[in-house]
Amino acid sequence: MKSYSKLLGLAAPALILMGCSSTGEVVDAPIEEVPAPAVIEQPVTPSITTIPVDPPTFSGTTEVYSGDALDDPDSVLAIRVIYFEYDSSNIRDEFQSVISAHATYLIDNPNAFLVLEGHADERGTREYNMALGERRANSVKNAMLMQGVSAGQLEVVSYGEERPAVMGSDSDSWAQNRRVELRYQGR
Amino acid sequence: MRIITVRLLSVCLYLLISSQAHAVLKIEITQGISSAMPIAVVPFGVEGMESAPVDFAGIIAANLHRSGRFKPLPEKDFLSRPTTASMVRFKEWRMLQAEGLVVGNIRKVKNGYVVQFHLLDVYSGKRLLGYTIPARGKVLRENELRYAAHQISDIIYKELTGKPGAFATQIAYVTSVLAADGKRRYSLFVADSDGENPRAVLTSKWPVMSPSWSPDGQRLAYVSFETERPVIYIQELLTGERKRLQSFKGLNGAPSWSPDGKQLAVVFSRDGNPEIYVYDLARDKLRRLTHNRAIDTEPVWSPDGESIVFTSSRSGGAQLYQIPVAGGRPKRLTFEGDYNSRATFSADGKLLAMVHRERDKYYIAVKDLERGGVRLLSEGGLDESPSFSPNGSMIIYATKNRGKSVLAIVSVDGHVRQRLSQAGDVREPAWSTFKLN
């Protein structure tokens, strides 16, 4: 790992203003110190290689092994996004079965780890939307905990309105952006 | 926990150098005032070199024009180009109906430059002031010239309006641009108040948000997702050196500096839901300030340092509350409508700007804390992230224009409007709190 930093010019001395009277003679004027413009130079960070996360390993016998269930496009487990109403973190009825299926999968695969990514639409302020995204992810998490999933298999992270699924400022786009994404770690 | 094995450093984080080319914010004045003062800014004389590296008159005229309070006269109408006060024939300028006149010159000297200018009152034929920058015995370096032009603009503005200017200040903002590889790049920029001289201080594949200036204008606190989790950082602008604050499971966000620069108000949800904390930077210690099951976020320090205003959903919708920094019972500040959030104070503490929702539209609104009453300042839509200029006369905020995020500036009296845009989305403006006078 190589790391270096450099600084371009900077930190200039204070500028000092000197006044003249209106007759043109130089007189003492209020002196004010003014920092020079900051010339900004970033230390260059070496690019860092990503360390791949081990894929989930499944214990148990071959019959119990269910690594494929997540990959089955016909399975309800293929649904990985839960959508929400405006300013709400309540789980809609149509998504109860999706959450149940994932909860069952997690219970059956105690080494699986699921990140619940909460998102909001662009309306309202950004940090408030961070909180809203977290509430949504937490309601999915709580629903799974109720079904017996171990808390150690779940993590919640909110991206607020910062990572919209679709761009656009209309009700369709907003509806697609109010969501929790289910991301199995290592898959 | 498995997820944590995604190493902290396994990040695609691009720290840029300032030479990288970036689009400058383009400024349009969308509304001015009719009583703007006609002023002539004569191109500065040049001594000891072919041409000046910076167009002083151009920068000064553009600054005065943008304020909405001045109408710079076109250069082509000038009958002469005096560069010192003694060369001025006032009659010529009265013919043009100029009220103010600025003349000056820039001299190349050993190791740098010296600038001199004069402001004259055309009607009375008198000189109002004159300065040499810098003081005798010192010189300006080339990278200080643009800043000097903003200082001159501030001096002129103050002399003619009686109020301090805010030209020699900076603006931080966040951009989101679709790169050639089809992925987004998020950058934190710092630019001069006229949008010129933009420098990316951070660029990442992961979102960056909530920039907040330290009171001395030397540091920015912000939230970066570069570890795939929100974490608060403090970055020194001169050196690029960064400090990562303590971070916890859940939200780590909404940093806001205390007026003395020693503490940050922040939000953590480590105890289950978002709460306001005071983070003592020297001792690296935290103190929890709010205790409520609702969302508490977006803290901002009052200028006297005594209290913190924040957004809370404790009454249902988002409203603003105020709590003593020492702790205590929060007092609700806003009752207008069902959504008031992301407050920010004017430097004198008399005004509170916020995001206000009315009939599904989001506006920038200002509440007068002494006299009461909330006024809408923006045209409404998806307006957010208000930030006062350090002299309190303007508010910069983010809005949408034709599907794109742009910045806008409105004077607190609502009379002057500007729009600032560039390639990609621009948002979360923060005006430096640094004050010159």
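How much surface does chain B expose, and what share of it do carbon and sulfur atoms supply? In this predicted model, the exposed surface of chain B amounts to about 17,800 Å², and carbon and sulfur atoms supply 49% of that area. For chain A, the corresponding accessible surface comes to about 9,000 Å², with 52% belonging to carbon and sulfur atoms.

The two chains may be described in turn, beginning with chain A. Of its 187 residues, 48% count as buried, and its secondary structure consists of three helices and seven strands. Read from the N terminus, the elements of chain A follow the order β-β-β-β-α-β-α-β-α-β. Among the contacts of chain A with a sequence separation of 6 or more, 71% are accounted for by residues 24 or more positions apart.

Four strands of chain A form an open sheet in the order 4-7-5-6, with mixed pairing. The edges of this sheet are occupied by strand 4 (81–83) and strand 6 (154–160) of chain A, each of which has a single partner strand, so one side of each is left without a neighbour in the sheet. Direction being ignored, neighbouring strands of this sheet are turned by 20° against each other on average. Within the sheet, strand 5 (residues 114–119) of chain A pairs with strand 6 of chain A in the parallel sense, over six bridges, and A:Val115 has A:Glu155 in strand 6 of chain A as its bridge partner. Helix 2 (residues 126–146) of chain A packs on the sheet and touches strand 4, strand 5, strand 6 and strand 7 of chain A, while its direction makes about 155° with that of strand 6 of chain A. Helix 1 (residues 96–108) of chain A likewise lies across strand 4, strand 5, strand 6 and strand 7 (179–184) of chain A, and runs at about 25° to strand 7 of chain A.

Chain B contains three helices and 32 strands, and 57% of its 437 residues count as buried. Of the contacts in chain B between residues at least 6 apart in sequence, 44% join residues that are at least 24 apart. The average pLDDT of chain B is 90, and 93% of the residues score at least 70. Over residues 1–22 of chain B, however, the pLDDT is below 50, although this stretch has 58 contacts in the model beyond near neighbours in sequence. Where pLDDT is low, the predicted coordinates should not be read in detail.

Two of the helices of chain B can be characterised by their burial. In helix 1 (residues 56–66) of chain B, eight of the 11 residues are buried, so this helix is largely enclosed by the rest of the structure. The buried residues of helix 1 of chain B are B:Phe56, B:Ala57, B:Ile59, B:Ile60, B:Ala61, B:Asn63, B:Leu64 and B:Arg66. This helix is followed by B:Gly68, which has a positive phi, near 80°. Helix 3 (residues 145–161) of chain B comprises 17 residues and reaches 24 Å from its first C-alpha to its last, close to the 24 Å expected at 1.5 Å a residue. Helix 3 of chain B is also mostly covered, with 12 of its 17 residues buried; among them are B:Leu145, B:Tyr147, B:His150, B:Asp154, B:Ile155, B:Ile156 and B:Tyr157. After helix 3 of chain B comes B:Gly162, whose phi is positive, near 80°.

In chain B, four strands form an open sheet in the order 12-13-14-15, and the pairing is antiparallel. Strand 12 and strand 15 (242–244) of chain B stand at its edges with a single partner strand each, so one side of each is left without a neighbour in the sheet. Neighbouring strands of this sheet are turned by 25° against each other on average, direction ignored. Although strand 12 (residues 208–213) of chain B is an edge strand, this strand is mostly covered, six of its six residues being buried. Strand 12 of chain B pairs with strand 13 (residues 219–224) of chain B in the antiparallel sense over four bridges, and B:Val208 stands opposite B:Ser224 in strand 13 of chain B. The two strands form a hairpin with five residues between them, and B:Gly217 in the turn has a positive phi of about 70°.

Conventions:
Residues are numbered from 1 along each chain as its sequence is written. Chains are lettered from A and ligands numbered from 1 in the order in which they are written. This is a predicted model: local features need pLDDT of at least 70, side-chain atom pairs count only at pLDDT 80 or more; totals for chains, interfaces and linings use all residues. Side-chain values use heavy atoms; hydrogens and water are left out. Buried means under 20% relative accessible area, exposed over 50%, partly exposed in between (1.4 Å probe, protein chains only). Two strands pair if DSSP finds at least two bridges between them. Axes are lines fitted to C-alpha atoms, for helices over the stretch in contact, and angles run from 0 to 180 degrees between N-to-C directions. Contact means heavy atoms within 4.5 Å. Accessible areas come from the Shrake-Rupley method with a 1.4 Å probe; for residues, only the protein chains shown count as cover. The expected span of a helix is 1.5 Å times one less than its number of residues. pLDDT is the predictor's confidence in each residue, from 0 to 100.
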